[in-house]
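Please look through the sequence and the model shown here, and then work through the exercises one at a time. Each exercise sets a task, and a worked solution follows.

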Amino acid sequence: MTASPIPHNLQHIQNRIRSACEKYNRPPESVKLLAVSKTFPAEDVAIALACGQQAFGENYIQEGLSKIASLRDTDSLAPQWHCIGPIQSNKTRQVAQHFDWVHTIDREKTAQRLSDQRPAQLPALNVLIQVNPDAGANKSGTEPGQVWDLARKILAMPRLHLRGLMAIPEPQTTFDAQLRVHASVKTLFDEMLRHMQVDGFAEQAACFDTLSLGMTDDLEAAIAAGSTMVRVGSGIFGKRSHATQ
Ligand SMILES: *Cc1c(COP(=O)(O)O)cnc(C)c1O
């Protein structure tokens, strides 16, 4: 049996994050790493967990639920689970019951169901609004012009905790092109924050602190633009065996 490449890969990604923070004058603790474990087994999550990685992202609800269940009774630090895939209405209850964060809110109906279904004994569910910054082929995400409208509705939902924005821009081949689209999401984030401060949501504005932007291939540009959470899959766990996005 060969040793897992995951500890070394994790170290490498952490170094990339640290270097980017240094280069763009960001405090290193201002960028969190979300390890995207989709398509990889619970054993791989356990290896990353043992290295101190705490936050994990899953795209497919069923797959995520089975890993959450199999890692529930480990002795190590409890993993924090982020749902980063699309959520059909019939899956909201399980998401509300088992995940800590949802990055992909793009309509009121999903948000309302998650708020209604969040179990009373758990803290409010942390949510991000997914925006569609480039009207890309990947059509999920709220149009930038509609984000504030959706945010106001979510801010009124008692069991959701609106933490910020998330985006999955179309892949770009140059740093400048990556930076341009990431920066447009950061601008929207700052506008939202201002809206919240002047429109009577000052208290919630204090927890509007998360910009989920950047993946393995563009995390430097995302950090340059102001990302506070990079979502890295293949850079940690290796190439995925089939085209799953
Ligand atoms: C798969 C995925 C990632 C990670 O992508 P990599 O290129 O493997 O780092 C990040 N965010 C979302 C929403 C994903 O689906």
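## Exercise 1: A residue in a loop

At 35% relative accessibility, glutamine 172 counts as partly exposed. The model is a predicted one, and the task is to justify this label and to state where glutamine 172 is placed in the chain.

Solution. Begin with the cut-offs, under which a residue is buried under 20% relative accessible area, exposed over 50%, and partly exposed in between. The value for glutamine 172 is 35%, and therefore this residue is put in the partly exposed class. Next, find its place along the chain, which is the loop between β6 (160-167) and α7 (175-198). Finally, relate it to a residue further along: glutamine 172 and aspartate 217 are separated by 45 residues in sequence, while their C-alpha atoms are 9.3 Å apart in space.

## Exercise 2: Two residues with positive phi

Determine where asparagine 25 lies and where threonine 39 lies, and decide for each whether the label is buried, partly exposed or exposed.

Solution. Take asparagine 25, which is located in the loop between α1 (6-23) and β1. Its phi is positive, at about 55°, although this residue is not a glycine. Asparagine 25 has a relative accessibility of 71%, so it counts as exposed.

Now turn to threonine 39, which belongs to the loop between β1 and α2. Here too phi is positive, at about 75°, in a residue that is not a glycine. The relative accessibility of threonine 39 is 28%, so the label is partly exposed.

## Exercise 3: Strand β2 and its neighbours

Describe how the two faces of strand β2 are covered, and then follow the pairing from β1 to β2, from β2 to β3 and from β3 to β4.

Solution. A useful starting point is that in a regular strand the side chains alternate between the two faces of the sheet. In β2 (residues 55-58), Ala55 and Gly57 are on one side and Phe56 and Glu58 are on the other, and all of them are buried, which leaves both faces covered.

The next step is the pairing with β1 (residues 32-36), which is parallel to β2 and joined to it over 2 bridges. Within this pairing, alanine 35 stands opposite phenylalanine 56 of β2. Between these strands the chain passes through helix α2 (residues 42-50), and the resulting β-α-β crossover is right-handed.

Strand β2 also runs parallel to β3 (residues 80-83), with 4 bridges joining them. Alanine 55 has glutamine 80 as its bridge partner in β3, whereas the partner of phenylalanine 56 in β3 is tryptophan 81.

From β3 one moves on to β4 (residues 101-105), again in the parallel sense and with 2 bridges. Cysteine 83 is bridged to valine 102 in β4. The chain reaches β4 from β3 by way of helix α4 (residues 92-98), in a β-α-β crossover that is right-handed.

## Exercise 4: A buried glutamine

Which backbone oxygens lie close to a polar side-chain atom of glutamine 53, and at what distances?

Solution. First locate glutamine 53, which is in the loop between α2 and β2. Its relative accessibility is 6%, so this residue counts as buried. A polar atom of its side chain is 2.8 Å from the backbone oxygen of leucine 33, and a polar side-chain atom of glutamine 53 is also 2.9 Å from the backbone oxygen of alanine 55.

## Exercise 5: The surroundings of the ligand

Set out which residues come nearest to the ligand, and which of its polar atoms lie beside the protein.

Solution. Start with the shell, in which there are 14 residues around the ligand, with Lys38, Asn59, Thr216, Ser234 and Arg240 coming nearest. By character, this shell divides into 6 nonpolar, 5 polar and 3 charged residues.

Then go through the atom pairs one by one. An oxygen atom of the ligand is 2.4 Å from a polar side-chain atom of threonine 216. A nitrogen atom of the ligand lies 2.8 Å from an N or O atom in the side chain of arginine 231. For serine 234, a polar backbone atom is 2.8 Å from an oxygen atom of the ligand. To finish, consider the surface: the ligand taken alone exposes 390 Å², of which the protein buries 93%.

Methods:
Residues numbered from 1 in each chain as written. Predicted model: local features only at pLDDT ≥ 70, side-chain atom pairs only at ≥ 80, totals over all residues. Heavy atoms only, no water. Near = heavy atom within 4 Å. Polar contact = N/O pair within 3.5 Å; in protein donor to acceptor, adjacent residues only side chain to side chain. Areas by Shrake-Rupley, 256 points an atom, 1.4 Å probe, with all protein chains shown as cover. Nonpolar A, V, L, I, M, F, W, Y, C, P; charged D, E, K, R; others polar. Buried < 20%, exposed > 50% of the residue type's maximum accessible area, 1.4 Å probe, protein only. Pairing = 2+ DSSP bridges. Right-handed = clockwise from strand over helix to strand, strands pointing away.
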